[in-house]
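Please open the model in your viewer with side chains available as sticks, and follow the selections below in the order in which they are given.

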Amino acid sequence: MSTPGTYQDEKKLPENVGAVDSDGSSTIETFTALIAEDHRHEIKLRTMSWQKAAWLLAGDQVCLAIMAQSWSLSVLGWVPGILTMLLSGALFWITSITMHKFIMKNPQIKDICDFGYYAFGKSKIAYEFTGFMLLANNILLIGFHVLTGAKILNTLSDHSLCTVTFSIIATIMGIVMSLPRTLKHVSFMSLFSAACMGIAILLFLVFAGIEDAPLYGYNGDYPTDGEVRTYAFPLPGTTWVACMNAVLNITFLWVPQILFPTFISEMERPQDFPKSLAVLAGISAILFIVPPAIGFRYLGQYSTAPAFGSLGVVAYKKASFSFVIVPTLVIGVIYANVSAKFIYFRVMGKSRHAHSNTVIGWGVWGLVMVVLWIVAFVFAEVIPSMGDFLSLLGAAFDSFFGFIFFAVAYWQLYRGELFAGAARSVMTIVHVFVLLCGLFLLGPGLYAAVEAIIADYAGSTRPAFSCADLSL
């Protein structure tokens, strides 16, 4: 395995480009040289327009997790729930812009590991630790999507096959769809993925509105827990752990930045990324708040995660849930692509096979993908409560990827000038708050995730490689 390029000649900038000026004046020239160097390769990575990057962002973010937000509102109530959504969205925009500014100052950054390396003062330890977090987070997320694919196939077929068989089918489909090497090609899938998820959400909203009552809630079938009702604040008896997990559920929907440096590194004009980000922010502001709010209005305390499970008519449930198979696979592909590139370029190093259509190059790429998906499949089958383990990983890792990294990057960008003017002073205070949010998720958030796992293990758990029915 080759030495990471990040701390081997500073990501090997083209020879005709010097270090980036402290004022950032040579950043565009540096990107131009990096893109020119990339375009000399047989397989060109830096080819995405900002429009295709927007498709990719939408494909990643318009996902099944949106349908878990009604449950969060049912735990927190209207006021804390909506406030958490609005605050998460605002922090998402601020931290993403800070991330982009930092990458524009350090054009060599190609993934979140490079970002950690530069943000923490060119630390090799930060690079390797970020690499571990990247792979652990992404592989388990891929595993979660394998399990979700099996759940969808279970639901649509009325459990016609063993769940492990459905997981294998989802894994094979994921491997095949992951073979394209460039994110430009994946972005086409992402557009279709976002459209399918949009249809699923729309169908759910229609069905939730026209049916007489929901069928199922975590506290019993309708009307065991009374008539459907909504409320401004958490109901009496709601535990702190439940509230914290609901907050985590909202927060981590707004934390996709682990992928952004890789996306930016494959754009033809990285300086245009804020345009892509603005498209995503607009889509997210609508889809992350409006459908969950409507879902909570019609499902109330019977809201489940995902909300499809609360629908009372089986045909409604199947019709809306069926479209989720596309984003389930495509989002797994996106995380697999980013993870595979981290491994692939460490293995291939400066070899000509890394950027060429050779048997060795494609063979190694295919092998890395197969291994990633198989490891994810194994985790999906052996971990009893994948959702709770993802909450644990989110609290442990996304606290860095969504908050702490960008507070540190802001300090690196403006140290010595943190309070140079009113606007800068306000942003400095905001980034101190960002840091505190990250530390809060890393502390109490992690504790709540662990408590949820302990509670799951106290009851019956799904055995490894089980054929049990996972239908909604």
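Begin by selecting R424, which is partly exposed, with a relative accessible area of 23%, in a model that is predicted. Add E417 to the selection: the side chains of R424 and E417 meet in a salt bridge, with 3.9 Å from N to O. E417 has a relative accessibility of 44% and therefore also counts as partly exposed, since that class lies between the 20% and 50% limits.

How many salt bridges does a search of the whole structure find? The search finds six, and the next stops visit others among them.

Select E266 and K341 next, and display the contact between their side chains, which is a salt bridge of 2.6 Å, taken from N to O. This pair links distant parts of the chain, 75 residues apart, with E266 placed in the loop between α10 (260-265) and α11 (273-287) and K341 placed in helix α14, which covers residues 325-348. If you colour by relative accessible area, E266 and K341 should both fall in the buried class.

Now move to D272 and K275, where a salt bridge joins the two residues and the closest N and O atoms are 3.8 Å apart. Which of these partners is buried, and which is partly exposed? D272 is buried, because its relative accessible area of 9% is under 20%, whereas K275, at 42%, is partly exposed.

Keep D272 and K275 selected and add R269, so that the view shows the network of salt bridges in which R269, D272 and K275 are linked.

Key:
Residues are numbered from 1 along each chain as its sequence is written. This is a predicted model: local features need pLDDT of at least 70, side-chain atom pairs count only at pLDDT 80 or more; totals for chains, interfaces and linings use all residues. Side-chain values use heavy atoms; hydrogens and water are left out. A salt bridge is a side-chain nitrogen of Lys or Arg within 4 Å of a carboxyl oxygen of Asp or Glu. Helices (H or I, at least four residues) and strands (E, at least two) are DSSP runs, numbered from the N terminus. Buried means under 20% relative accessible area, exposed over 50%, partly exposed in between (1.4 Å probe, protein chains only).
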